[in-house]
Amino acid sequence: MDSDMLATLIPPTVKADPRTLVSVLIANIHGQLRYIPSYRKAWIAKQKVLEKMHGGWDASYNEVWQWCQVLERYVLGYVTDLETEPTYYNDRLLHGCQVFKRLFWSFKQCRDAFLYCKPLVQIDGTFMYGRYTHQLLLAVTQDGSGRILPIAFAITPGESPDD
């Protein structure tokens with residue numbers, strides 16, 4: 001019994017709650033088939049179901065530019081800057097193929113509200129984990145009542161003078 005077969009058994013459970021623990025999936029499989037899969041096999045099956053539901057990592061990353069274009073078109077004053085770089089395979093340039101490098105975006109309403117805030121900007125960031133190890137950065141300020149207001153957002157590959 002491989003992960004592909006297990007992935008045909010668990011979609012209802014994963015669709016009901018994508019955060020379902022792998023141990024719960026193992027118990028469900030055991031209840032259905034009287035077979036106890038390894039944790040790894042059940043985890044891989046769950047990943048396959050999630051990918052089938054939401055698309056893969058690469059497909060999601062490839063849709064970022066479309067997301068930016070839609071927001072620029074329909075959200076008044078939305079600003080974005082998406083930067084990509086050429087793709088290489090075995091030191092050969094792949095023509096017509098670009099790889100995500102960094103992204104900046106901001107909403108007009110946030111920038112307009114900054115005029116009425118304290119003249120101080122703070123930047124906070126968090127690391128993204130998993131296949132893509134970029135950083136999510138957030139520029140924020142405070143209004144007169146001490147409430148935090150986001151001004152701009154960015155996803156960068158890491159700390160460098162260019163970021």
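**Helix H4, Thr80 and the salt bridges**

Student: Which backbone oxygen does the side chain of Thr80 reach, and at what distance?

Tutor: In this predicted model, Thr80 lies in strand E1. Its side chain reaches a backbone oxygen, that of Phe104. The distance is 3.2 Å.

Student: Is Thr80 buried or exposed?

Tutor: Leaving aside neighbours within four places in sequence, Thr80 contacts Cys68, Glu72, Leu103, Phe104 and Trp105. Its relative accessible area is 16%. The cut-off for burial is under 20%, so Thr80 counts as buried.

Student: What span does helix H4 reach from its first C-alpha to its last?

Tutor: H4 covers residues 39-54, which is 16 residues. At 1.5 Å a residue, 22 Å is expected. The span in the model is close to that, at 22 Å.

Student: Within what arc do the buried residues of H4 fall, seen down its axis?

Tutor: The buried residues are Ala42, Ala45, Lys46, Val49 and Leu50. In an α-helix, residues three or four places apart point the same way, because there are 3.6 residues a turn. The buried residues of H4 line one face of the helix, since they fall within an arc of 135°.

Student: Which residues on the other side of H4 are exposed?

Tutor: The buried residues of H4 are taken up with packing, against H1 (3-9), H2 (11-16) and H3 (22-33). The other side of H4 has two exposed residues, Arg40 and Lys52.

Student: Which residue just after H4 takes a positive phi?

Tutor: H4 runs over residues 39-54. Just after H4, a phi of about 90° appears. The residue is Gly55.

Student: Lys46 is buried yet has no salt bridge, so how far away is the nearest side chain of opposite charge?

Tutor: Lys46 sits in helix H4. The nearest side chain of opposite charge is Asp17. A salt bridge needs a nitrogen and a carboxyl oxygen within 4 Å. Asp17 is not that close to Lys46, because the distance is 7.6 Å.

Student: Which backbone oxygen does the side chain of Lys46 reach?

Tutor: Not counting residues up to four places away, Lys46 touches Ile10, Val14, Pro18, Arg19, Thr20, Val22 and Leu25. Its side chain reaches one backbone oxygen at 2.6 Å. That oxygen belongs to Thr20.

Student: With which residue does Asp17 form a salt bridge?

Tutor: Asp17 is partly exposed, at 31% relative accessible area. Its partner is exposed, at 72%. The closest N and O atoms are 3.7 Å apart, and the partner is Arg19.

Student: How many residues apart are Asp4 and Lys48?

Tutor: The two form a salt bridge, with closest N and O atoms 2.6 Å apart. Asp4 is in helix H1 and Lys48 in helix H4, and the pair links distant parts of the chain, 44 residues apart.

Student: What is the relative accessibility of Lys48?

Tutor: Its partner Asp4 is partly exposed, with a relative accessible area of 43%. Lys48 also counts as partly exposed, at 33%.

Student: Which residues do salt bridges that share partners join into one network?

Tutor: Glu83 and Lys101 form a salt bridge, with closest N and O atoms 3.8 Å apart. Glu83 lies in strand E1 (79-89) and Lys101 in strand E2 (92-106), so the pair ties together parts 18 residues apart in sequence. Salt bridges sharing partners make one network of Glu83, Glu85, Lys101 and Arg102.

Student: How many salt bridges does the count come to?

Tutor: Among them are Asp4 with Lys48 and Glu83 with Lys101. The count comes to seven.

Technical notes. Residues are numbered from 1 along each chain as its sequence is written. This is a predicted model: local features need pLDDT of at least 70, side-chain atom pairs count only at pLDDT 80 or more; totals for chains, interfaces and linings use all residues. Side-chain values use heavy atoms; hydrogens and water are left out. Helices (H or I, at least four residues) and strands (E, at least two) are DSSP runs, numbered from the N terminus. The expected span of a helix is 1.5 Å times one less than its number of residues. Buried means under 20% relative accessible area, exposed over 50%, partly exposed in between (1.4 Å probe, protein chains only). The arc is that of the directions from the helix axis to the C-beta atoms. Contact means heavy atoms within 4.5 Å. Lys and Arg count as positive and Asp and Glu as negative; His and the chain ends are not counted. A polar contact is a pair of N or O atoms within 3.5 Å; within protein, one must be able to donate a hydrogen and the other to accept it, and residues adjacent in sequence count only if both atoms are side-chain atoms.
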